[in-house]
Amino acid sequence: MTSLPTVLITGASSGIGATYAERFAGRGHDLVLAARDKARLDTLAARLREERGVSVDVLQADLTLPADLAAVETRLRDDARIGILINNAGMGQAGGFVQQSAAGIERLITLNTTALTRLAAAVAPRFVQSRTGAIVNIGSVVGFAPELGMSIYGATKAFVLFLSQGLNLELSPSGVYVQAVLPAATRTEIWERAGVDVNTLTEVMEVGELVDAALVGFDRRELVTIPPLHVAARWDALDGARQGLLSDIRQAHVADRYRPEA
Ligand SMILES: NC(=O)c1ccc[n+]([C@@H]2O[C@H](COP(=O)([O-])OP(=O)(O)OC[C@H]3O[C@@H](n4cnc5c(N)ncnc54)[C@H](OP(=O)(O)O)[C@@H]3O)[C@@H](O)[C@H]2O)c1
């Protein structure tokens, strides 16, 4: 019998990441859990070892710090048992664009995009070589919605969707599965961390429901999984419109509407 791949989950100390850990442990996968809060990771790891009988390693890492990020990259490169990466660690945005500090912008973009990309890049060559493996990137429906007033956070999540689509095209011919998961408002600590009382939101999904749906998409090998989107054809229409737009891009000459008046 071939053994199940180990799953490395970033941001596993709470919310969506901790729930992925529960679910993959329930499926019998060994885990590597990464986040900053080692005490929480240790508590979760001990419980999953005890209740599920799986092996769980803990990596304390602040993914915005170069040395910590490099350590997680090294683990992904070198540990051939790891066959699934859940690129989940992320943070929200408190306040509008003019309220952001330079350091806050840097941290948000580094965690939500740079770290996620570097971790995928660390593991992808090994997955390609072994012609197996899965990379799951947690985006957000906010990446579709500049109207929501979270411009930097939304931009990072638009990046996650684009990156996932591109990686799917580049890696799937080598047998590597890439999934983008796009939650909407989900009851986790991300809201409180960004200074928002989650109870003031009109509709919120429970985290177990979100992750179970994401895993339905995972098991189907879906590229883009949007659990709160009730009309699946909306996504197909959006992606079809994008491809239609590309078919009307002609590189040699400008469109007539941009020709200078004679
Ligand atoms: N909840 C929602 O409504 C929602 C909606 C759409 C998308 N998402 C996305 O879902 C993902 C998970 O968020 P969540 O909702 O589960 O929120 P959460 O409960 O706040 O979890 C975030 C996780 O990321 C870790 N983390 C934060 N900063 C980190 C850093 N610098 N280095 C390493 N780990 C760090 C946190 O652990 P430590 O503090 O221990 O480091 C925690 O485990 C994020 O990418 C988020 O953007 C959430």
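**Figure 1. Helix H6 gives the most to the shell around the ligand, with 3 residues.** This is a predicted model, in which local features need pLDDT of at least 70 and side-chain atom pairs count only at pLDDT 80 or more, while totals for chains, interfaces and linings use all residues. Residues are numbered from 1 along each chain as its sequence is written, and side-chain values use heavy atoms, with hydrogens and water left out. Along with H6 (190-193), H1 and helix H5 (151-171) each supply at least two residues of the shell. Helices here are DSSP runs of H or I with at least four residues, numbered from the N terminus.

**Figure 2. Meet the residues around the ligand, 31 in number.** A residue is near a molecule if one of its heavy atoms lies within 4 Å of it. Ile-16, Arg-36, Tyr-153, Thr-186 and Thr-188 come nearest. The shell divides into 14 nonpolar, 11 polar and 6 charged residues. In this sorting, Ala, Val, Leu, Ile, Met, Phe, Trp, Tyr, Cys and Pro count as nonpolar, Asp, Glu, Lys and Arg as charged, and the others, Gly among them, as polar.

**Figure 3. Backbone atoms meet the ligand at Gly-11, Leu-63 and Ala-184.** A backbone N or O atom of Gly-11 is 3.0 Å from a ligand oxygen, and one of Ala-184 is 3.5 Å from a ligand oxygen. At Leu-63, a polar backbone atom lies 2.9 Å from a nitrogen atom of the ligand. On its own the ligand has 880 Å² of accessible area, and the protein covers 96% of this (Shrake-Rupley method, 1.4 Å probe).

**Figure 4. Here Tyr-20 and Phe-24 form a stacked aromatic pair.** Rings of Phe, Tyr and Trp (its six-membered ring) pair if their centres lie within 6.5 Å; planes under 30 degrees apart count as stacked, over 60 as edge-to-face and the rest as tilted. For Tyr-20 and Phe-24, the centres are 6.1 Å apart and the planes differ by 15 degrees. Because they are 4 residues apart in helix H1 (residues 15-26), about one helical turn separates them. Tyr-20 is buried at 1% relative accessible area, and Phe-24 is buried at 1% (buried means under 20%, with a 1.4 Å probe and protein chains only).

**Figure 5. Phe-24 also pairs with Phe-218, edge-to-face.** Their centres are 5.8 Å apart, with 85 degrees between the planes. Phe-24 lies in H1 and Phe-218 in helix H7 (residues 207-219), so the pair ties together parts 194 residues apart in sequence. Phe-218 is buried, at 6% relative accessibility.

Terms used:
Buried < 20%, exposed > 50% of the residue type's maximum accessible area, 1.4 Å probe, protein only. Polar contact = N/O pair within 3.5 Å; in protein donor to acceptor, adjacent residues only side chain to side chain.
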